[in-house]
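Let us read one structure together, slowly, in the form of questions and answers.

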Amino acid sequence: MKQDDFREIEGGRPFYLLLGFIGLFVLAGLGAAWYMEHHGHWVTGMSNQIIWGTPHVFAVFLIVAASGALNVASISSVFGKTPYKPLARLSGLLAITLLVGGLAILVLDLGRPDRLIVAMTYYNFKSIFAWNIFLYIGFMGVVAIYLWMMMERKMNRFTKSAGFVAFIWRLILTTGTGSIFGFLVARQAYDSALLAPMFIIMSFSFGLAIFILVLMASYKWSNRPLGDVILFRLKNLLGVFIGAVLYFVVVYHLTNLYITEQHGVERFILLEGGVYTRLFWVVQILLGSLLPLALLYNPSTGKSRGWIGIASLLVIVGGLAQMYVIIIGGQAYPLELFPGKEVTSSFFDGGINAYAPSLPEITLGVGGVALALAATLVGVRVLRFLPVSLADDQIDQSGEVA
Amino acid sequence: MTNSRQLQPGALSMSNKSSFDSYRRRFLGGVASTVAGMGVAPGVVLHSVGHAKPAGDAVTGDVRWGMLIDTNKCAAGCDDCVKACDDEHGLTGFDRPETDAQWIRKVTLKDKQTGHTQTLPLLCQHCEKPPCVDVCPTGASFRREDGIVLVDKHICIGCRYCMMACPYKARSFVHETLQDQKPFAPRGKGTVESCTFCVHRVDNDRTPACVEACTAENHNAMVFGDMNDPDSELSRQLKKYNSRQIRADLELNTGVRYRGI
Amino acid sequence: MRITVIKLWCTVLALGLLPGMPALLNADDSLLPVIPEAQHRVSEAQGCVEPVEKMRKDHMEYILHQRDETMYEGIRTRQHSLVECINCHVSDAPDAARYGSTEHFCSSCHKYASVQIDCFQCHADRPVKTSRHNSLAPGTMRLHGKSVVEKDDLLNDKLQATAAGGTVHE
């Protein structure tokens, strides 16, 4: 692809209307954050039992999806699949914007967001959280450089090296995000090395689903041709990733089901957990994994753009449900302090912890998603991220190994 | 070094050091006369003085504060330790049990097989290797040389990761704006807090409020002391009786030990 | 057109500032903060725990230093302790001014200098009378099994005063 084949999207009324519409959600998110900080977190659904609530579900989802969104670029630069090359720039842009959206939620949900500077100046290097601060900020820098190498003709020869660094960085980053939970010995649902690779696979799936939706929407709204060749490649890849996530979920639960000590938490998630059980089976497994798999691989729906879009949307909904079950379900199950005993106290020991998402939390989470979308929209408006055409005859399949 | 915090250099320059010293002389003079007064005052019995730390000295690792809780002596229905803690630190609460802070709580256990019930107070276990300190991104969670685990609320950003990591659910997040805090127990919205082993009392060679209350009720279920001092009442009891740590499988070497569980 | 609008706004701004001009030019003393009196003097010669001029300039350094020493090392000298600042500089009357009021010692000056601090989101902004926790009731304490003081009310009063942060400047 030549440099001229990329163009900014058109400005004008529709652009500003869309940006304004998304901007309203960003403002609502900021308002929600202000409300939570002003009154304190008691106005949310969070408590001393459910410590991380809905904002964390959105934030971790976005952060995981951010690293996954970079995959398309990695496939082109690192693994040399030329058909994906025209998509690499958008892939890099989404990686940055989704991360910004996720981090904004995370920061605004802190007890003291005014002390962000403290988080940047005081470090405890034994904390995976502290490492993640470096990994997240570094990721944005690395991807920005990668984009520069791709977009500046003189720098094109470094694209592969920059892409390689970004690819390794994103693997470490998602390992770090998974380890936030994997390193927690205290809780039955966490404390597993499996969470790090599982988060990596989840990022592949969620990131690609978002990428497909953004790609389809931007080409439809900017009246640019998007051919079946590239879209069908992406949707087949999404199917593989959905299957891989399912595999990790099965292994995770099978392992736990084998360990007697873990039967309590497994019974909770898989059988008796009420909303968490329903979210797991109905939304995560059925709607978020099996149905999209069927839609993507069915000969008729798999060739329909509408159904591919719906399948991608279902993957995102299923992913949010999976995050909800991991993060909030994992906290709802009580700490196992006295094995073999029924525990009661005024501090809710021993019981299933109640939690219902509150409006400010949901608004903040949606605000973060909106921020990511708004930043993407502005990005494709001011810089040349999107190819003018992704019609089938523009896709270079010559470099393909059959 | 896991923590890059530094003290402000030059905060105490030479010139003000001298006035500092004169202040200290005055202050120590006051203490000395108080101590001298102890010797002559009638009816005063003074057992084994010697460990009292002068206010100007830093705590050291020679001491490790710990506690032994005898669940057989802990009375069902009694929550004097909890009340004493709430009173000591001004944990008034807002009648919102889900979000109100609890530094110490009474827990009732019932054996699923045998039906045997017992009750015990649960508080920060002041681990030697505290998970809350490991995970804290800013180093706000820290362990003092003498084993007391605290939160530096000046650099706590309220991320609550320590609460996720604590196996004992010992920590609370301050969910609302507070006023009229106790001078020795500063606490505020947006930061995490937990039992301090009454560090302000311990530094003045006094016993935590919960232990004092338990003793005042003549239940004597809680003993506080220096685990490193073989002659302390705590060490004597720990040596004599079998005790265990909650979640001993994590090998955190807790400062709080229990008898009868 | 645009230039005219800018000129118009400048005029409006200038007119708006006029009433304040005399005060700015005269540097009227009435604009300076009224700083409440402290309750004690360290000595006849010295007003505060450090020379007053020094305290005005560097009190935050002293407090910060003391803060970290107390927090991390358990050093509880009282010369630069925030609690002692409050004990001496703020009235313990039930209706005493809170931080944020111009009558509160700290905010009287901070407001004037537009200084934002968050100390009093956590720390007490008024002296708190000693409650049960600072009483050394005989027989209820075990001083970690090291020393036990028994039966002496006079002595208890003295200890209580010390522990409560009473005057040490004797």
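The dialogue below deals with a contact of two chains and then with a pair of helices.

Q: What kind of model is this, and how are its parts numbered?
A: This is a predicted model, in which local features need pLDDT of at least 70 and side-chain atom pairs count only at pLDDT 80 or more, while totals for chains, interfaces and linings use all residues. Residues are numbered from 1 along each chain as its sequence is written, and chains are lettered from A and ligands numbered from 1 in the order in which they are written.

Q: How many residues does each chain bring to the contact?
A: Two residues are in contact if their C-beta atoms, placed from the backbone, lie within 7 Å. Here chain A brings 39 residues and chain B brings 50 residues. On the side of chain A that touches chain B, the elements giving two or more residues are α5 (116-121), α6 (128-151) and β2 (341-345) of chain A, where helices (H or I, at least four residues) and strands (E, at least two) are DSSP runs, numbered from the N terminus. β2(A) gives the most to this side, with five residues.

Q: Which strand of chain B is joined to β2(A)?
A: Strands pair if DSSP finds at least two bridges between them. Five bridges join β2(A) to strand β2 (residues 104-111) of chain B, and the two run antiparallel, with Thr344(A) opposite Thr108(B) in β2(B).

Q: How do α4(A) and α6(A) lie relative to each other?
A: Axes are lines fitted to C-alpha atoms, for helices over the stretch in contact, and angles run from 0 to 180 degrees between N-to-C directions. The axes of helix α4 (residues 88-108) of chain A and α6(A) come within 10 Å and cross at roughly 160°. α4(A) and α6(A) are therefore roughly antiparallel to each other, a term for angles over 145 degrees.

How values were computed
Parallel < 35°, antiparallel > 145°, perpendicular 65-115°, else oblique.
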